[in-house]
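Student: I have a two-chain model on my screen and would like to talk it through. Could we take it one question at a time?

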Amino acid sequence: MSGTAFLTDSTLCIGCKACEVACKEWNNIPSDGFDWKGFSYDNTGSLGHSTWRHVKFIEGGVVAGLGGNSPDLLSWGFSSDVCKHCENAGCLEACPTGAIVRTEFGGVFIQSDVCNGCAYCVVACPFGVVERNPDAGMAFKCTFCYDRQKEELKPACATACPTESIKFGDIDELRGEAEDRMARLKQAGFNDVYLYNPQDSSVGGIHAFFIVRGDPERYNLPPSPEVPTTYLRKGWVSAAIGAGLMLAGTLFAFGQDK
Amino acid sequence: MNAPKNLLTEETSRRAREHRLAKIRHEAKEHGQVSDFTRLSERDPLSKAELTGYYGTPVLKRPQWTIEIPLYFFVGGVAGAAALIAAVGKLSSADTRLVRQSRWLAAIGGLVSPALLISDLGVPSRFLNMLRVFKIQSPMSVGSWTLVAFSNSAVAAAVLGEFNKRRGGRLVNVLTDGAQIVSVLTGLVLATYTGVLIGATVIPAWNEHVGTLPIHFAASGTAGAATILELMGNESKALNRIAIGAAAVETAMGVSIELSQTPPSESLKSGIGGWAMRGAGVLSGPVPLLLRLLALKSRRSRISLRKAAAISSIAGSLLTRWAWIQAGQVSADDPSVPLQLRRRVSSSGDGMDDHENQKDPR
């Protein structure tokens, strides 16, 4: 894997949502309404066609150091979610028009002027990131700020992040940085930190990895995301059997009349 | 234990959210503080991290296809099987009326299918972009190209067949047969690839069954074609045999769905979609099978029994396609499969280790 990447470090996130706002501003994404979700301070809900950065608010039990200074406050964690820009991207493989491409920076990019809105990428993403916009008709997701990267600028979210919770850079350097950070956090007594970077699954690594506290499942990060092309062989074998049965059955049915 | 998705579908509905917020506001007003508001449901026996992921919200996106897609699955399946019946009928010199009608059934299906697909597109005017590239790894791409080849060859076979009847000739004959062969080959793909299309996705209820879905859809399409041709007035014994075979396969499929116990398969059996799936299985499998076996015995009501079986098969085939799409919606909403929450619950049942307990003392 080469190119650029995001390292989103939730231990530094303060839940300010500046990344969400910066992303919307820069990419000119339409508003997604004002809907009270009741899930802590998260009223965004999930990533989608009009949300390319999403700050999750995780509330848990009382954990020292995670609920402010009062001993009886809930622990409160934040983590900014984003398209993972998979190395084997389900959306890219599924796209029948070639609208979804891999950029020179390693990101996965939807060309809006090619997409015809067939919505097959929507059911091909193991992270539930891509979505068809019902008004525009095309599918949308994080562009990895392809336009900014071309001008050697950092993506809007990473630029706006006030705590450097969102780091952006060369993928190999960021991997090293993530390991260093993990070691430092553990040294400081944060024993529940977890580096989410599924490299053993069929997605073959991601260009946006995360440091979270607690279980990644709690952040809706699937433990083993699978690219759906892994099911193709089984499916086409079954299709061949189905076609063979049709052919043999029809030949038999008509053959009886002779 | 209750499946988490039942909690979720209730809980994520707008009304449930509003209700929950009202309760929180009320409690805050009355007592000046809120207890317990991170808990997803009173019925939740474990801490929320264990059972519900991120507030029980879906990990995956719902399929955004509209009603045109299950309809297309039906029409495309029928058309593909009709092309096969036309060719085999011609080969075994069945009556010309059956051959002609099945050719036209394939041709009309070949014209209706693209219309259905195009109307589902977000940007219908860009439908030709489907033919910008050919990607073997994308069933949607393979299907688009297959459909184009099928539509053209099926329509050509039907039109040339008419021409052949009026003004025969060696060239027209060869061209008709050529078109017919292409329509059979592509028709076989058309009737089966839709199973691969939904099977090779991240939707757990679909990919769990990727190994049988194409066979299931092949049987469903074949039953549809044979029974529509019967209702068009063909009393050919061959059609009856085809329909019996398809109903037998559909019976086996229905039983295997009902018996599957894996967590992804629960979406096939829950709620309205689950009953639709069961109903579809009964209508396409045992009902027509029984009626047709009865028809073999009974001389007097043979025709009406076969008609009833045909109507049941068509209704079952349509309902099958809708039920599978519906199951995909339910499955996408359930975070427990992609997050492997149930595996975690069952393993923590063996003895939750201290580390787990520490994380969430609630």
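What follows is a friendly exchange about this predicted model.

Student: Let's begin with chain A. How many helices and strands does the secondary structure of chain A come to?
Tutor: Chain A has 258 residues, and buried ones make up 50% of them. Its C-alpha trace spans about 90 × 40 × 40 Å along the principal axes. The count for its secondary structure is six helices and 10 strands.

Student: How far apart do the C-alpha centres of domain 1 and domain 2 of chain A lie?
Tutor: Let's place the two domains before giving the distance. The assignment puts 4-85 + 144-218 in domain 1 of chain A, and 229-258 in domain 2. Between their C-alpha centres the separation is 48 Å.

Student: Which strands are the edge strands of the open sheet with the order 8-1-10-9 in chain A?
Tutor: This open sheet has four strands with mixed pairing. Inside that order, strand 1 (residues 4-9) and strand 10 (residues 208-213) of chain A run parallel and are joined by four bridges. An edge strand pairs on one side only, and in chain A that describes strand 8 (166-170) and strand 9 (193-196).

Student: Which helix of chain A packs on that sheet?
Tutor: Neighbouring strands of the sheet are turned by 15° against each other on average, direction ignored. The helix you want touches strand 1, strand 8, strand 9 and strand 10 of chain A, and its direction makes about 140° with that of strand 8. That is helix 5 (residues 171-187) of chain A.

Student: Which residue of strand 10 of chain A is the bridge partner of Thr8(A)?
Tutor: Strand 1 of chain A covers residues 4-9, and its bridges to strand 10 of chain A run in parallel fashion. On the strand 10 side, the partner of Thr8(A) is Phe210(A).

Student: Is strand 3 of chain A largely enclosed or open?
Tutor: Strand 2 and strand 3 of chain A run antiparallel, with eight bridges between them. Across this pairing, His54(A) stands opposite Asp81(A) of strand 3. Because six of the eight residues of strand 3 (residues 75-82) are buried, the rest of the structure leaves this strand largely enclosed.

Student: Is Ala119(A) buried or exposed?
Tutor: Ala119(A) lies in the loop between strand 5 (108-110) and strand 6 (131-132) of chain A. Its phi is near 70°, a positive value in a residue other than glycine. Most residues other than glycine have a negative phi. With 26 other C-beta atoms within 10 Å, Ala119(A) counts as buried.

Student: And where does Ser40(A) lie?
Tutor: Ser40(A) also has a positive phi, near 55°, although the residue is not glycine. There are 18 other C-beta atoms within 10 Å of Ser40(A), so the residue is partly exposed. Its place is the loop between helix 1 (18-27) and strand 2 (53-60) of chain A.

Student: Which residues have the most contacts inside the largest nonpolar core?
Tutor: This core has 169 residues, and helix 4 of chain B gives the most to the core, with 15 residues. Leaving out residues up to four places away in sequence, Cys91(A) touches Ile100(A), Val108(A), Cys121(A), Ala124(A), Cys125(A) and Val130(A). The residues with the most contacts inside the core are Cys91(A), Cys121(A) and Ala82(B).

Student: Which helix of chain B gives the most to the side that touches chain A?
Tutor: In this interface, 73 residues of chain B are in contact with 68 residues of chain A. Several helices of chain B supply at least two residues each, among them helix 2 (14-31), helix 4 (68-91) and helix 7 (170-199). By class, this side of chain B has 40 nonpolar, 22 polar and 11 charged residues. The helix giving the most, with seven residues, is helix 7 of chain B.

Student: One last stop: how far apart in space are Val282(B) and Gly316(B)?
Tutor: Val282(B) sits in helix 11 (residues 271-284) of chain B, and is partly exposed, with 17 other C-beta atoms within 10 Å. Beyond its neighbours within four places in sequence, Val282(B) is in contact with Gly254(B) and Val287(B). Gly316(B) is 34 residues away from Val282(B) in sequence, while the C-alpha to C-alpha distance is 7.5 Å.

Technical notes
Residues are numbered from 1 along each chain as its sequence is written. Chains are lettered from A and ligands numbered from 1 in the order in which they are written. This is a predicted model: local features need pLDDT of at least 70, side-chain atom pairs count only at pLDDT 80 or more; totals for chains, interfaces and linings use all residues. Two residues are in contact if their C-beta atoms, placed from the backbone, lie within 7 Å. Ala, Val, Leu, Ile, Met, Phe, Trp, Tyr, Cys and Pro count as nonpolar, Asp, Glu, Lys and Arg as charged, and the others, Gly among them, as polar. A nonpolar core is a set of buried Ala, Val, Leu, Ile, Met, Phe, Trp, Tyr and Cys residues joined through C-beta atoms within 7 Å. A residue is buried if 20 or more other C-beta atoms lie within 10 Å of its own, exposed if 12 or fewer, and partly exposed in between; C-beta atoms are placed from the backbone. Domain bounds come from an automatic or database domain assignment. Two strands pair if DSSP finds at least two bridges between them. Axes are lines fitted to C-alpha atoms, for helices over the stretch in contact, and angles run from 0 to 180 degrees between N-to-C directions.
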